[in-house]
Amino acid sequence: MQRFYHIKRLALLFLLSGYLMHLSSCTKDEGPLVIKPPPVPGDTMMSYSLEIQAIFDLHCVRCHNQSHPFLDLREGLSYNQLLFTGHLAPYVDTLLPENSILIGRLRGVEYPIMPPDGDHIRPGTIDTIAIWMLQGARNN
Ligand code: HEC
């Protein structure tokens, strides 16, 4: 009988501790629900103004400027054009960058490849733009 009570007490203790753990995990204040961007590929956050715009400046703006009918990639304008105001905006896809118009044109899976005059940009540079998209396509 003594032994039986002992086991019962242990079981009760066990249940109680589980219940307390459950309580404490639920009462923790986790703040508002924030949907985080997917884990950052690579260990640094890309900078739109420093890295992405620099690619456009070097390879694109000689054509993609005020005289281009669809897409102006000049500094200060390119971000809004790509996300909101360009002819086919958005040109970016933060979940599947390879499906975006921008990456599609750069890799040449969408015709015609950009730049169209043979001055193609390196795959590593295109990867940089894809990573920027995966990191949430920020205007940073
Ligand atoms: C030699 C001129 C030239 C250069 C350099 C150039 N483009 Fe283009 N691009 C065009 C022309 C012309 C079009 C429109 C005709 C077309 O879609 O074929 C175009 C279309 C595009 C489109 C589709 C726009 C739309 O709304 O249909 C994208 C995206 C694009 N370019 C991205 C780029 C990027 C990014 C670069 C730089 C890496 C670049 N282009 C460099 C001439 C150029």
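## A tour of a five-helix model

Start by selecting helices α2 and α5, which are oblique to each other. That word covers every angle that is not under 35 degrees (roughly parallel), over 145 (roughly antiparallel) or from 65 to 115 (roughly perpendicular). What you have open is a predicted model, in which local features need pLDDT of at least 70 and side-chain atom pairs count only at pLDDT 80 or more, while totals for chains, interfaces and linings use all residues. Residue numbers start from 1 along each chain, following the sequence as written.

**Stop 1: the α2 and α5 crossing**

Select residues 48-59 for α2 and residues 123-134 for α5. Two packed helices are described by the angle between their axes and the distance between those axes. Here the axes come within 10 Å and cross at roughly 135°. Each axis is a line fitted to C-alpha atoms, for helices over the stretch in contact, and the angle is taken between N-to-C directions on a scale from 0 to 180 degrees. The crossing of α2 with α5 is left-handed, meaning that the near helix is turned anticlockwise from the far one by less than a right angle (clockwise would be right-handed).

Now show the side chains at this contact: Tyr48, Glu51, Ile52 and Ile55 from α2, and Thr125, Thr128, Ile129 and Trp132 from α5. Contact here means C-beta atoms, placed from the backbone, within 7 Å of each other. Colour the contact by class and you should find five nonpolar, two polar and one charged residues. In this scheme Ala, Val, Leu, Ile, Met, Phe, Trp, Tyr, Cys and Pro are nonpolar, Asp, Glu, Lys and Arg are charged, and the others, Gly among them, are polar.

**Stop 2: the whole chain**

Zoom out to the cartoon view. There are five helices and zero strands, with the order α-α-α-α-α from the N terminus on. These elements are DSSP runs numbered from the N terminus: H or I of at least four residues for helices, E of at least two for strands. Of the 140 residues, 19% count as buried. Buried means 20 or more other C-beta atoms within 10 Å of the residue's own, exposed means 12 or fewer, and partly exposed lies in between, with C-beta atoms placed from the backbone. Among contacts between residues at least 6 apart in sequence, 48% join residues at least 24 apart.

**Stop 3: helix α3**

Select residues 78-85, helix α3, and highlight its buried residues Ser78, Tyr79, Gln81 and Leu82. They pack against α2 and α4. As you look at the spacing, recall that an α-helix has 3.6 residues a turn, so residues three or four places apart point the same way.

**Stop 4: two cis bonds**

Move on to the loop between α3 and α4, where you will find Ala89 and Pro90. The peptide bond from Ala89 to Pro90 is cis, with omega near 0°. Ala89 is partly exposed because it has 15 C-beta neighbours inside 10 Å. Leaving aside residues up to four places away in sequence, Ala89 touches Gln81, Leu82, Leu83 and Phe84. Draw a distance from the C-alpha of Ala89 to that of Leu71, 18 residues apart along the chain, and the viewer should give 9.1 Å.

Next, select Pro115 in the loop between α4 and α5. Another cis peptide bond joins Met114 and Pro115, with omega of about -15°.

**Stop 5: the ligand**

Keep Met114 and Pro115 selected and add Cys60, Cys63 and Phe70: of the 21 residues around the ligand, these five come nearest. A residue belongs to this shell if its C-beta atom, placed from the backbone, lies within 6 Å of the ligand. Helix α4 (residues 101-107) gives the largest share of the shell, four residues. Coloured by class, the shell shows 14 nonpolar, four polar and three charged residues.

**Stop 6: the end of the chain**

Go back to helix α5 and pick Met133. With 24 other C-beta atoms within 10 Å, Met133 is buried. Its contacts, not counting residues up to four places away in sequence, are Val92, Asp93, Thr94, Pro97 and Ser100. The C-alpha atoms of Met133 and Val92 are 41 residues apart along the chain and 6.7 Å apart in space.

Finish on Ala137, in the segment after α5. Ala137 is not a glycine, although its phi is positive, at about 45°. This alanine counts as buried because it has 24 C-beta neighbours inside 10 Å.

Methods: Two residues are in contact if their C-beta atoms, placed from the backbone, lie within 7 Å.
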